[in-house]
Amino acid sequence: LPVQVQVGYVGGGAAANLPVRVSALTRGFTPSYADYEAFSFSPPRPAQGKAAPDNDTHLVADKLPATLGREGLGQVVVEPIAPAPAPRQLVLEATYADPNGELQTLSNTRTLWPAAVVAGIKAEGWAAARQDAPVQVLALDLQGKPKAGVPLDVRAIARTTLSSRKRMVGGFYTYDSHTETKDLGTVCTGTSGPHGVLACNVKLTQPGEIELVASARDEQGRSARAATSVWVSGQGELWF
């Protein structure tokens with residue numbers, strides 16, 4: 001990824017031969033669109049024991065040196081960034097010393113997309129077991145406009161959280177929790193219509209929390225995903 005830096009003096013003229021250092025990091029990012037506030041664009045939750053994609057940052061360039069040319073322009077190359085299943089932000093910073101010796105910082109942010117399409121999903125928060133639950137899947141382009149003819153599918157994943165209480169020394173208690181997941185397979189498939197939407201009625205037979213993961217594929221076969229959760233009530237009582 002080539003990154004260019006240009007610096008000029010306030011009084012005019014390019015900052016020729018100015019030494020600059022460029023750093024870059026990636027961080028989690030969830031897009032939002034005013035016209036589609038009812039849809040979720042959040043990435044699927046990670047498997048147990050893995051870091052959440054929205055909470056981690058990765059340094060991809062650390063103080064890369066560059067010297068600006070006669071026009072006050074310089075360039076560095078950030079090494080290839082590992083692909084991610086969800087959108088991420090690339091945060092760029094360039095530091096240099098001004099004529100007074102004070103350190104100045106330039107910054108810029110760009111979005112790294114996993115595919116040339118954005119997936120969204122909308123579902124009711126509650127559903128009854130063995131009854132149809134309406135789900136809408138959305139495909140947008142990178143400018144947030146609806147995109148027709150995009151292959152879409154939805155997978156259902158059951159998530160069960162198990163907690164146990166342990167007595168500690170001194171009569172105190174602590175709780176240990178872990179989450180188990182079960183893939184319930186594909187519950188909806190098709191292509192987006194003229195408004196970028198695919199509507200499905202899915203039947204969920206397992207009670208509890210079900211995560212619905214929507215996938216959209218671009219023309220090169222790259223996937224973008226989004227997820228939402230549905231609570232499915234069965235015949236018995238719910239724990240809460």
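Where is Phe41 found? In this predicted model, Phe41 sits in the loop between E2 and E3. That loop is a handy place to start, as several threads of the structure can be picked up from there.

Take the surroundings of Phe41 to begin with. At 6% relative accessibility, Phe41 counts as buried, because the cut-off for that label is under 20%. Setting aside residues up to four places away in sequence, Phe41 touches Thr30, Pro31, Tyr33, Tyr36, Val118, Ala119, Gly120, Leu138, Leu140 and Ala226. Ala226 belongs to that contact list, while Arg222 is a residue for which a distance to Phe41 is available: the two are 181 residues apart in sequence and 17 Å apart in space, C-alpha to C-alpha.

Next come the aromatic rings. A search of the whole structure turns up three aromatic pairs. One of them brings together Phe29 and Trp113, edge-to-face, with 6.4 Å from centre to centre and 80 degrees between the planes. This pair ties together distant parts of the chain, 84 residues apart: Phe29 comes from the loop between strand E2 (19-28) and strand E3 (57-67), and Trp113 from the loop between strand E6 (103-112) and strand E7 (118-123). Neither ring partner falls in the buried class, since Phe29 at 21% relative accessibility counts as partly exposed and Trp113 at 28% does as well. Tyr33 and Phe41 make up another pair; their ring centres are 5.0 Å apart and their planes stand at 70 degrees, so this pair is also edge-to-face. Here the residues are tucked away: Tyr33 counts as buried at 16% relative accessibility, and Phe41 does too at 6%. A ring elsewhere in the chain has a charged companion, with Arg165 lying over the face of Tyr173 at 4.0 Å from the ring centre.

Phe29 also turns up in the contacts of Gln89. Gln89 has its place in strand E5 (residues 88-97) and is buried, with a relative accessible area of 16%. Leaving out neighbours within four places in sequence, Gln89 is in contact with Leu25, Thr26, Arg27, Phe29, Thr109 and Arg110.

Phe41 and Trp113 meet again around an internal space, as both are among the residues that line the largest cavity. The structure holds one cavity of 30 Å³ or more, and about 60 Å³ of space lies in the largest cavity. Its lining is made up of Pro31, Phe41, Pro87, Trp113, Pro114, Val117, Val118, Ala119, Ala224, Arg225 and Ala226. How do these residues divide by character, and how many are nonpolar? The split is 10 nonpolar, no polar and one charged. Two strands, E7 and strand E14 (223-233), each supply at least two residues of this lining. E14 gives the most, with three residues. Some of the lining overlaps with the contacts of Phe41, which include Pro31, Val118, Ala119 and Ala226.

Another buried position is Val154, in strand E10 (residues 151-167). With 1% relative accessibility, Val154 counts as buried. The C-alpha atoms of Val154 and Cys188 are separated by 5.0 Å, although the two residues lie 34 residues apart along the chain. Cys188 is also one of the contacts of Val154. Beyond residues up to four places away in sequence, Val154 touches Ile121, Val137, Gly185, Thr186, Val187, Cys188, Leu212, Val213 and Ala214.

Gly193 has a shorter story. This glycine is found in the loop between strand E11 (173-191) and strand E12 (197-203). Apart from residues up to four places away in sequence, Gly193 touches Lys147 and Ala148. Val78 is 115 residues from Gly193 in sequence and 39 Å from it in space, C-alpha to C-alpha.

Last, a look at the backbone. Asn17 has a phi near 65 degrees, a positive value in a residue other than glycine. Asn17 lies in the loop between strand E1 (2-6) and E2, and at 60% relative accessibility counts as exposed. Lys63 likewise has a positive phi, of about 55 degrees, although it is not a glycine. Lys63, however, lies in strand E3.

Terms used: Residues numbered from 1 in each chain as written. Predicted model: local features only at pLDDT ≥ 70, side-chain atom pairs only at ≥ 80, totals over all residues. Heavy atoms only, no water. Phe/Tyr/Trp six-rings, centres within 6.5 Å; stacked < 30°, edge-to-face > 60°. Helix = DSSP H or I, 4+ residues; strand = E, 2+ residues; numbered from the N terminus. Buried < 20%, exposed > 50% of the residue type's maximum accessible area, 1.4 Å probe, protein only. Lys NZ or Arg CZ within 6 Å of the ring centre and 35° of its normal. Contact = heavy atoms within 4.5 Å. 1 Å grid on protein atoms, 1.4 Å probe; cavity = no way out; pocket = protein on both sides within 12 Å on 5 of 7 lines; lining within 4 Å. Points joined across faces, edges and corners; volume = space filled by probe spheres on them. Nonpolar A, V, L, I, M, F, W, Y, C, P; charged D, E, K, R; others polar.
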